[in-house]
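This report describes a protein model with DNA strands. The sequence and the structure come first, and the text follows.

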Number of protein chains: 2
Amino acid sequence: MSGETMKDYPLDLAAFTPYRLVVLARAMSEQLGALYESEGLTIPEWRVLAVVSQAPSVAARDVVARTPMDKMAVSRAVATLEEKSLIARAPAADRRVSSLKLAAKGRAVFDRVSAIALRYEATLLQTLGDEERRAFLAGLRTLELAVAARARENAAPQA
Amino acid sequence: MSGETMKDYPLDLAAFTPYRLVVLARAMSEQLGALYESEGLTIPEWRVLAVVSQAPSVAARDVVARTPMDKMAVSRAVATLEEKSLIARAPAADRRVSSLKLAAKGRAVFDRVSAIALRYEATLLQTLGDEERRAFLAGLRTLELAVAARARENAAPQA
DNA sequence: CGAAATTCGTAACATGTGTTACTAATTTGC
DNA sequence: GCAAATTAGTAACACATGTTACGAATTTCG
């Protein structure tokens, strides 16, 4: 509401923040995707590995909860990861679910890929100065919360 | 490189910046998409309108250049926009291309939608303080440049 | 000038992604 | 404790998206 950076004109796509974020995020995904490919991983597979790596045993539904993927995407990624012997499925107490564990091979692949991914992130963030980086990440957090709040609002009405 | 915000651990998806950006951008797109829908527009159509609205006449190839869409996506969006009489195609000097113009109806729709879109952007950005917003946008710009530079590097080698 | 190379847009195909519906298992509540 | 409702996962389908190949037009250069 300061009216200074808040122009209200015809709309220039290149200056439209949501659009800029989509373009930036897509470009990063592509660059990272190229890196995963060298390890034979797709992006959904990589995401599943990341979640599974964080606990001794997780269910597919946990992956759905912690990831912007739907049931089906997770189901497919889990299936291919099992074929590649990167993860293993074991029966769980609740027999509707399988408990997913990282196989030794999966651990190795994940360690390599996550090293690459973290290096990529670090390289980009280093182009921001220390203070600039702090401010950017703080703003990012604020936006995440604002968007999430709005999503809840829209979902709530008919509950 | 300050070693303080730059942890180098197992990798927590929720703290991985490229991942956060993808999730945020996707959420924004969905929320905006819901708004476009009320005007009967898809996201690609909206993007084409935005570019076409910025000059008296543009070619489809200009839309490709200014947008993260490939030829085919643009071609399809232009076709449906023409069906809906939101834009008009006219023969151009170079007869391989059509010159695209906003129809009166298209102008009206675009004005309504862009007002909504700008209001959405403003609402989100207002959750950042003035200074925080400035810093965030500056960081965003820096990252855009860093990613673009890296993309050029990767493309260059075999040129 | 005229043949070869390039560019624009689209069509035809392949691939991927989301949606709906179903099965099996479990939990809830009478 | 058993019928009804809920949950996990998958299969089958529909739809969107990317890829490759082409036809028409234009530009380049011998």
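What percentage of the 159 residues of chain A count as buried? The figure is 28%, where a residue is buried if 20 or more other C-beta atoms lie within 10 Å of its own, exposed if 12 or fewer, and partly exposed in between, with C-beta atoms placed from the backbone.

This is a predicted model, in which local features need pLDDT of at least 70 and side-chain atom pairs count only at pLDDT 80 or more, while totals for chains, interfaces and linings use all residues. Residues are numbered from 1 along each chain as its sequence is written, and chains are lettered from A and ligands numbered from 1 in the order in which they are written.

**Chain A**

Chain A has 6 helices and 2 strands, taken as DSSP runs numbered from the N terminus (helices H or I, at least four residues; strands E, at least two). Their order from the N terminus is α-α-α-α-β-β-α-α. The radius of gyration of chain A is 20 Å, against a value near 15 Å for a compact globule of 159 residues; the radius is taken over C-alpha atoms, and the globule rule is 2.2 Å times the number of residues to the power 0.38. The C-alpha trace of chain A spans about 60 × 45 × 25 Å along its principal axes.

Ala73(A) lies in helix H4 (residues 71-83) of chain A. Ala73(A) counts as partly exposed because it has 17 C-beta neighbours inside 10 Å. Its C-alpha atom is separated by 22 Å from that of Lys105(A), 32 residues apart along the chain.

**Contact between the chains**

55 residues of chain A are in contact with 55 residues of chain B, contact being C-beta atoms, placed from the backbone, within 7 Å. On the chain A side, helices H1 (17-37), H2 (43-52), H5 (104-126) and H6 (130-155) give two or more residues each. The largest share, 16 residues, comes from H6(A).

A turn of 180° and a shift of 0.0 Å along the axis lay chain A on chain B with an RMSD of 0.1 Å, by least squares on the C-alpha atoms of residues with pLDDT of at least 70 in both copies. That is the relation of a two-fold axis. Of the residues of chain A, Phe136(A) comes closest to the rotation axis, at 2.2 Å (C-alpha).

**Nonpolar cores**

A nonpolar core is a set of buried Ala, Val, Leu, Ile, Met, Phe, Trp, Tyr and Cys residues joined through C-beta atoms within 7 Å. In the largest core, of 64 residues, Val48(A) and Val48(B) touch the most other members. Beyond its neighbours within four places in sequence, Val48(B) is in contact with Val63(B), Val74(B), Ala77(B), Val78(B) and Leu81(B). A second, separate core of 8 residues includes Ala135(A), Phe136(A), Leu125(B) and Ala135(B).

**DNA strands**

A residue is near a strand if its C-beta atom, placed from the backbone, lies within 6 Å of it. The table names the closest residues for each strand.

| Strand | Residues around it | Closest residues |
|---|---|---|
| DNA strand C | 16 residues | Arg95(A), Ala60(B), Arg61(B), Ser75(B), Val97(B) |
| DNA strand D | 16 residues | Ala60(A), Arg61(A), Ser75(A), Val97(A), Arg95(B) |

H4(B) gives the most to the surface near DNA strand C, with 4 residues, and H4(A) gives the most to the surface near DNA strand D, with 4 residues.

Notes: Contact = placed C-beta atoms within 7 Å.
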